[in-house]
Amino acid sequence: MAKDLLLEDLNEPQREAIMHTGSPLLVLAGAGSGKTRVITRKFAYLVKKKKLSPMSIFTVTFTNRAAEEMKHRICGLLSMDVKQTWIGTFHSQCNKILRREIKHLGYKSDFTIYDDEDQCSLIRHILKELNIYEALYKGIASRISILKSSLITPENFLYQGDGFGFDEKLGRVYMRYQDELKRSDALDFDDLILLTARLFEEHPKICAKYQRSFDYILVDEFQDTNLSQYRLLQLMAAGQNNICVVGDDDQSIYKFRGAEVNNIRNFEKDFPGLKIIKLEQNYRSTQNILDVSGRVIASNPNRKEKRLWTDKGCGDKVCYSMLGNEEEEAKFVAKTIKDLYLKGLHEYSDVAVLYRINLQSRAIEDGLRAEGIPYHVLSGVSFYHRKEIKDVIAYIKLVANTDDNVSFRRIINSPPRGIGISTLAKIEQEAKKNSSSLYNTVRQIVKSNNSVLSSIKERLASFVNIIDLLRQGSYKNAAELMKAVLNKTNYLDHLEEERAQNVVDLISSVENVSVHNFLDRTALVAVAETDNPVSAVSLMTLHSAKGLEFPAVFLVGLEEGILPYFKALEESSDMEEERRLFYVGMTRAKERLFLSSVMRRRFYSKVQDQEPSRFIKDIPRDCCQWIEKIQPVHHCVDKSKIPADQKISLFDIGCRVKHPFWGIGVVRECSGIGENAKVTVNFPGIGVKRLVPSIANLERVNI
DNA sequence: AAAACTCCTCTTTTT
DNA sequence: GAGGAGTTTT
C-alpha cells in the first residue's frame, strides 16, 4: 500500500516522469505544475520501487531553501533520516567532494571559501596593484565570474582575446586573481564547481568512483545551470546516463550571472535517448492569470512551448491600472490591499508586491506605512554580511588558515591597533619578495632584526601573538573560538551597542557548531531572514519572488525603462529575459493579480515621462479589468470635509468591526452621533446590515 | 581617528 | 538624491 501512496494524487505526465528510468529524462515543468512534488516522489520511488540506496541519489538544487524543502519532504515520504543523503546545492555538494579529494589538485583540504565580498576585496587589491581604475571592480568581478562559470581559464582568455584594451587588462587581472586565490588556499564559489569538474576530468579514476557511487542524478531548476555546472553533470552522468533534470526555460532569469538557457537545448544532443515530458497542468493560478501570463510569454522566440491549463476556473479578472506617478501607484496598491483585507478576502501575508529594482520599494513602503499596513522587505544585507560579523568571521578564517590574505587585510587593523597603510604596504612588498603569506611575513618581521620601527614591531607582535595563541587552543565549538577572539582582541569595545549585540547573537547561534562546519555554513548558507512577523505584506524584487507563490500579487512599475529595464533594450536576448521576468512575476499569483504602471516617475534625480511597458500590449483584454485614470483620484477621505458629527463617530469608514453573531465586517457608512448613531456594515458572505452601535455589541477590530 | 568633504554611481543575486 | 567610498582636514 505504501508503494501506491507514492503514485497517488498525480496527473499522468507527473506519474510518467516519476516512473521513467533507463534513459535520460528532461521534465519541462511549467510554473506551478508541481515540479517539487515530482522530484521528491521520484526520489522516493527510486528508493522504494527500484531499491536504490538513498545515499546513491545525487540531488542538486540551486538554493539552500529548495534543498531544505526537498530534504524535508523526502524525509517525510520515506520516514528516514536524510542527514547522510546527497541532497544539496551545487556548491555544497561540490564542497563535500572537494574536502575529500582536492589534494589531487594540489590544494589543501582545509581550503577557505571566499564569498562575493572577499572576492571583490581581492579584486580591488589587485586593481590597485596593477594601477587599473579601482572603481571598475564590480564589473570586473562579474566578468571574471562569468568567464569561470563558462569554463574559460585565464590562459584561454588571454589567448583567444584580442589582446588589446580592456580585455587585455581583464585577462591580467583574472590571471592574478586565480594566482592569489591559490596562494591563499582559497576557492571562490565558481571554483567549487570548476575544480570539481576539473578533478573529474583530470582524474578518471576518481571520476569513476563517484560515477559508481551514484545510481541516479536529479537536478532541480535546470534552466539556471551555467556551463560549468552542466559540464559537471555530464561528467558525473557519463556511462550510466541515469539523470533526470527538471526545469522551465520560460523561467530562466539569471543569464546575467552566467545561467545558460541553451543547456536545455543542448541536453537533447548531449544525452542521446533523451525522453522529454511536459508538465502543463497548473495547480497554482486561476485560468485568467494563466491566460494573461501565457499570452505574454508566447511572444518569446525559441521557447519550448507549453500550454498551461487549470481546472480551477477563471477567477477574478486580472487588473491593470495606470496611475499618475509612483506615489499614486503606491497609494493605489495600499488602498487595494487594505480593501482586500477589510473584505476578508486576504490576510496581509497573502499579498506580495513585486518590482524590478529595489529602488522601487521606497515609494511602496511609504504608501503602505501611510495606510498602516504591516509589511516586510525581502532584500539586501543578510546577517552574515554585516561588517562586524564579517570581521569576527575573518578572525576565525585566519586562525583556520593563516594563508588567507584577504581575511588578514580585513582584520590587521580592526580593531584599530595602529597598523596603517604604509606598514601594510611594507608587509605586502616583503611578502611578495619571499612569496610568502602576509601573516607569515609579519611573523618573520617580528622575529628578525630588520629596519622596522620598534613601536610598529611591537604592534605587529601583539597581533601575531593573538593569532598564534588562538591557533594553539582547542575549541569544542565555534562559539568558544569566537569568545576567545573577542577576549584577546577586545573587539567589542569599539562597537556601538547594536553591532555588539549582533556579534553576541552570532556567538549564541553557533554554540553547537564545530569550527569547520561553521566556516562551511557561513560561506555556503545565507541565513534565513530572522524576522517574519505576524501577518505582513511581502515586498521583493521579481528575481527573489521566483519559486514563491501568493494568493494576491501586485506587479508595479510596468513601464518602458523599468520593465523592460533600460539596459536591456538593445540586446534581444536581454529583452527576452525581461519578458520572462514579467512572466515569472505574474505566475506567482494564485487568485488575484494587479498590474500597474505610471505616467511620470522620478528616476534617480530626474522626473521622466513614462510609457507603459511593451509587454502590456500582449495582454488579452477580455481577461482583464482595465483602469486608465488620467485624473488622479483621491481615494483618501479628506478629514476637513467630513461633517463634524461624523468625525466624532465611533467608527471610520473602512474600519473593521466584530459582531457577536455575524463575525467580522467592514464599515460602509456612519451617521448620527451618540444614541442616534447608525453604522452600515458589510459582513462578507452575509450581507449589508444597518446597526445601532449603542444596541448592537460591535467591537472595533484594530488592524 | 573622527569629521567634513568630494566624487561617483545608481539592475537583477545565490552560492 | 542618496549612499558609499575615498580623501582631506582637524
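I began with the backbone of Asn 358 and found that one of its N or O atoms lies 2.7 Å from a phosphate oxygen of DNA strand B; I note at the outset that the model is predicted.

Staying with the phosphates of DNA strand B, I looked up two side chains: a polar atom of the Thr 541 side chain sits 2.5 Å from a phosphate oxygen of this strand, and for Tyr 604 I find a polar side-chain atom at 3.3 Å from a phosphate oxygen of the strand.

I then took the surroundings of DNA strand B as a whole, where 24 residues surround the strand, the closest being Asn 64, Arg 356, Thr 541, Tyr 565 and Lys 567. Of the strand B atoms that come within 4 Å of the protein, 59% are accounted for by sugar and phosphate. Sorted by class, the residues of this surface are 11 nonpolar, eight polar and five charged.

For DNA strand C, I list Arg 124, Arg 602 and Ser 605 as the residues around the strand, and I record that 70% of its atoms within 4 Å of the protein belong to sugar or phosphate, with the rest belonging to bases.

Turning to the helices, I checked H7 (residues 137-149) against H9 (residues 165-183), whose axes come within 10 Å and cross at roughly 75°; angles of 65 to 115 degrees count as roughly perpendicular, and H7 and H9 are therefore roughly perpendicular to each other. In their contact I find residues including Ile 140, Ile 144 and Leu 147 of H7 and Phe 166, Leu 170 and Tyr 174 of H9, and by class the contact holds nine nonpolar, one polar and three charged residues.

Terms used: Residues are numbered from 1 along each chain as its sequence is written. Chains are lettered from A and ligands numbered from 1 in the order in which they are written. This is a predicted model: local features need pLDDT of at least 70, side-chain atom pairs count only at pLDDT 80 or more; totals for chains, interfaces and linings use all residues. Side-chain values use heavy atoms; hydrogens and water are left out. A residue is near a molecule or strand if one of its heavy atoms lies within 4 Å of it. A polar contact is a pair of N or O atoms within 3.5 Å; within protein, one must be able to donate a hydrogen and the other to accept it, and residues adjacent in sequence count only if both atoms are side-chain atoms. Ala, Val, Leu, Ile, Met, Phe, Trp, Tyr, Cys and Pro count as nonpolar, Asp, Glu, Lys and Arg as charged, and the others, Gly among them, as polar. Axes are lines fitted to C-alpha atoms, for helices over the stretch in contact, and angles run from 0 to 180 degrees between N-to-C directions. Helices (H or I, at least four residues) and strands (E, at least two) are DSSP runs, numbered from the N terminus. Angles under 35 degrees count as roughly parallel, over 145 as roughly antiparallel, 65 to 115 as roughly perpendicular and the rest as oblique. Contact means heavy atoms within 4.5 Å.
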